[in-house]
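Visitor: Please take one helix from this model and give me a close look. How does it pack, and what surrounds it?

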Amino acid sequence: MAPYHIRKYQESDAKEVVELFCAGMTEHASATFRHLLRLPQTLVLLLGGPFTLLLVSGSWLLALMASLALVTALKLLAKYPWTEYIAMTLNTDMSDITKMYLSEQGSYFWVAESEGQVVGTVGCLPSKDSTMERKQLELLHLSVASEHRGQGMAKALVRLVLQFARHQGYSEVVLTTGAVQYSAVGLYQSLGFQKVHEFFLTMSCRLVDLSAIRFIYHLPSPQVCQAPQQGGAL
């Protein structure tokens, strides 16, 4: 597989970054659909609805058509939270990446490039929950093209954000990811992120039982970081 390098976002990257983001979010609709099918209430609907229709009408064809219609509706329902999130994001922080991420100190946006193509992204902004005592940086929009996964690119991008946070004096890095984004959840936990809580971002997420997980990474204080160096000097 072709090598990659990580660099600062440029305006010329905008189209590729948006396409990568949209593709990455849309692919989670399948996992959401499978999750939806495993819910007890969904099973009751899929089995009970057509069966009831069969008893009332006596038509197997009508019952089959009802089953297909229900499955189609569930697929659309599973996709909706992701299309909603894409639309919201493209109208907020990703509407102008340079302005939002690169105009002030304490925020940044990187892309991973391979053979002239953007194949990975990650950004960070000061968290809205940040306080004087707990200066938090929010990790956002970690995405890697499907054909470039398995190279350690996502891990390298996350570590870059952690390094940036240390240099900028943050005490914590926080992020939110979907519970069905299993690879992302595993990645964050392997890097030392701790789960804070689960919640529903929107009403559409609640409808499909699509919870979001809030993670936090506690950065060592400057005193802790310097302690080994002082010990080594002695």
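**A helix and its neighbours**

Guide: Helix α3 passes α4 in a right-handed crossing. On the α3 side, the contact is made by T42, L45, L46, P50, L53, L54 and S57. On the α4 side, W60, L62, A63, A66, S67, L70, V71 and L74 take part. Keep in mind that this is a predicted model.

Now the geometry. Two packed helices are described by the angle between their axes and the distance between the axes. The axes of α3 and α4 come within 8 Å and cross at roughly 155 degrees. Angles over 145 degrees count as roughly antiparallel, so α3 and α4 are roughly antiparallel to each other.

Next, α3 itself. The helix covers residues 40-57, 18 residues in total. From first C-alpha to last, α3 reaches 25 Å. That is close to the 26 Å expected at 1.5 Å a residue. Just after α3 comes G58, with a positive phi of about 75 degrees.

Which residues of α3 are buried? They are T42, L46, P50 and L54. An α-helix has 3.6 residues a turn, so residues three or four places apart point the same way. The buried residues of α3 pack against two helices, α2 (28-37) and α4 (60-90). T42, L46, P50 and L54 also appear in the contact with α4.

Those two partners of α3 also pack on each other. The axes of α2 and α4 are 8 Å apart, at an angle of about 125 degrees. That angle makes α2 oblique to α4. The crossing of α2 past α4 is right-handed. From α2, the contact uses H28, A29, T32, F33, L36 and L37. From α4, the contact uses V71, L74, K75, L77, A78, K79 and W82. V71 and L74 of α4 serve in the contact with α3 and in the contact with α2.

Now step away from the helix, with L62 of α4 as the starting point. The C-alpha atoms of L62 and S183 are separated by 40 Å, and these residues are 121 apart along the chain. S183 sits in helix α7 (residues 182-190). With a relative accessible area of 68%, S183 is exposed.

The strands give some contrasts. T177 is in β5 (residues 172-178) and counts as buried at 6% relative accessibility. The T177 side chain makes a polar contact with the side chain of Q181, at 3.3 Å. Farther along the sequence, T177 touches residues including A184, V185 and Y188.

E113 belongs to β2 (residues 108-114). At 17% relative accessibility, E113 counts as buried, the cut-off being under 20%. Its side chain makes a polar contact with the R7 side chain at 3.3 Å. Other contacts of E113 include P3, Y4, H5 and V119.

Finally, two backbone cases. Most residues other than glycine have a negative phi. E115 has a positive phi, near 50 degrees. E115 lies in the loop between β2 and β3 (117-126) and is exposed, with a relative accessible area of 70%. Phi of H141 is also positive, near 55 degrees. But H141 is placed in strand β4 (residues 136-144) and is buried, with a relative accessible area of 10%.

Technical notes
Residues are numbered from 1 along each chain as its sequence is written. This is a predicted model: local features need pLDDT of at least 70, side-chain atom pairs count only at pLDDT 80 or more; totals for chains, interfaces and linings use all residues. Side-chain values use heavy atoms; hydrogens and water are left out. Helices (H or I, at least four residues) and strands (E, at least two) are DSSP runs, numbered from the N terminus. Buried means under 20% relative accessible area, exposed over 50%, partly exposed in between (1.4 Å probe, protein chains only). A polar contact is a pair of N or O atoms within 3.5 Å; within protein, one must be able to donate a hydrogen and the other to accept it, and residues adjacent in sequence count only if both atoms are side-chain atoms. Contact means heavy atoms within 4.5 Å. The expected span of a helix is 1.5 Å times one less than its number of residues. Axes are lines fitted to C-alpha atoms, for helices over the stretch in contact, and angles run from 0 to 180 degrees between N-to-C directions. Angles under 35 degrees count as roughly parallel, over 145 as roughly antiparallel, 65 to 115 as roughly perpendicular and the rest as oblique. A crossing is left-handed if the near helix is turned anticlockwise from the far one by less than a right angle, and right-handed if clockwise.
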